[in-house]
Amino acid sequence: MINLHSLAAFPPPHWRRAVRQKVARWKAAQPRSVAASMQQAFHNLRPLKTRPESGHHHVTIITDSVASGQLMGGVGTAVLLAVSIAQAQQRSLRIVTRERPCNDTALRALLELQGLSYDGEIDMIFSDGSESDPGVPLGPDDMVLTTSWWGTWSARQTVPAHQIVYLLQEDERMFYAGGDQQLLCDEALNDVGIRYIVNSHLLMAHFQATDTAGPARHGIAFEPAFPTSIYHPDAHEGRRNLVFYARPDHPRNLFLRGITVLDKAFAAGLFPVDEWDVHFFGINIQNVVFPGRPIQYHNGLSWADYASLVRKADLGFSLMYTPHPSYPPLDLAASGAVVVTNAFGPKGKAAHYSDNILYRPLDTDALLDGLRHGIARVADDATRKAAYASARLNRDWPTSFAPVLASLADFPRL
């Protein structure tokens, strides 16, 4: 008799694995060009397609995507900078996205929220480098603002170096283990033919200390802005709010170290359930079980929801295993919260932005001690309010971008 259950499982799992392995070996054995090998290894390293254009003077920003939920932090800063340069130099603005088309609604919402306006039309182009891609129009006087090392690499294949301005918002070499990606990134950061704009003086100090030729020799630093219309305390009574920046897919945010420290804190009774609510916010957050401790998860928040959350925070916990201060600690401090974060290189050697930001080494006991001190600062209302009032944070983008706009006044000359 035929066993139908056996047929349903045919072919057996080990046969299917063997077939997949043979197909993979066959594909690996097929000859391919150097360009095809690069494309297979690094899908985002596609030369930027361009075509000549005359009679216009554009600021052309190159980024992966502009979408709702992705405009907090670095991407939003890049768009605001491009708008500010275009306004200051009376240039047209062009936004080129490489991974998906630009979301016009999200873009306009960002500008309105941040209090920046752009009088002219914004040209939006999706350019993925495919055979059907007609290419980005490029004039000899256009400025090309890149926002990542891979975007810079792509532009450098077809755009003259003197037309490229690279916005650096992290030491992107730290995204990778030693290998080809790190090497290519390092080359992008040491290209003295282009200009660099560096997000934060802390990051610039790191590049100078590590003798990174590009930003150290041809860079200008600025501090981001935190408008009071967005970042301010929202009064709330009763229960306190602890918020944790949770991004398990981004190793530099040290998700595992963070939940390890929180597990110890909960076990030690630092955040009694009847006094504190705990919020995890970020992207693709992994639900974690802490015995007896409910967690409220906030995945992929909109701008409005994110701002509402940080305004109601009492204590923030946010880690970043790089020299950049990271946006969440600054967003939280600008909204009146106390924040525990980690030191790294020049970061944490002084209270750069606010006395309500508590820097600690990355070992678990030190971070746990930071949370204890954070709880005490939250309870000390007078000290917390005084630190908020004396915070050293820019509150408008024109002030933040002023040194950058001055340094680019002679563009395209180096």
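In the predicted model, the lining of the largest pocket comprises 20 nonpolar, 18 polar and eight charged residues. The volume of this pocket is about 1500 Å³. Its lining counts 46 residues, and the closest to the centre are Gly-74, Val-75, Arg-247, His-250 and Arg-252. At least two lining residues each come from helix 4 (74-89), strand 11 and helix 12 (327-334).

The second largest pocket holds about 280 Å³ of space. Its lining has six nonpolar, four polar and eight charged residues. Of these 18 residues, Pro-233, Asp-314, Asp-381, Arg-384 and Lys-385 lie nearest the centre. Helix 14 (residues 381-389) supplies the largest share of this lining, with four residues.

Strand 11 also belongs to an open sheet of six strands. The strand order is 12-11-10-13-14-15, and the pairing is parallel. Strand 12 (296-299) and strand 15 (357-360) form the edges, each pairing on one side only. On average, neighbouring strands are turned by 20° against each other, direction ignored. Within the sheet, three bridges join strand 13 (residues 315-317) to strand 14 (residues 338-342) in the parallel sense. Leu-315 has Val-338 of strand 14 as its bridge partner.

Helix 13 (residues 364-379) packs on this sheet. The helix touches strand 10 (240-246), strand 11 (276-282), strand 13, strand 14 and strand 15. The direction of helix 13 makes about 165° with that of strand 15.

Terms used:
Residues are numbered from 1 along each chain as its sequence is written. This is a predicted model: local features need pLDDT of at least 70, side-chain atom pairs count only at pLDDT 80 or more; totals for chains, interfaces and linings use all residues. Side-chain values use heavy atoms; hydrogens and water are left out. Two strands pair if DSSP finds at least two bridges between them. Axes are lines fitted to C-alpha atoms, for helices over the stretch in contact, and angles run from 0 to 180 degrees between N-to-C directions. Contact means heavy atoms within 4.5 Å. On a 1 Å grid over the protein atoms alone, a cavity is a set of points where a 1.4 Å probe fits but cannot get out, and a pocket is an open set with protein on both sides within 12 Å along at least five of seven lines; lining residues have an atom within 4 Å of a point. Grid points are joined across faces, edges and corners, and a volume is the space filled by probe spheres set on the points. Ala, Val, Leu, Ile, Met, Phe, Trp, Tyr, Cys and Pro count as nonpolar, Asp, Glu, Lys and Arg as charged, and the others, Gly among them, as polar.
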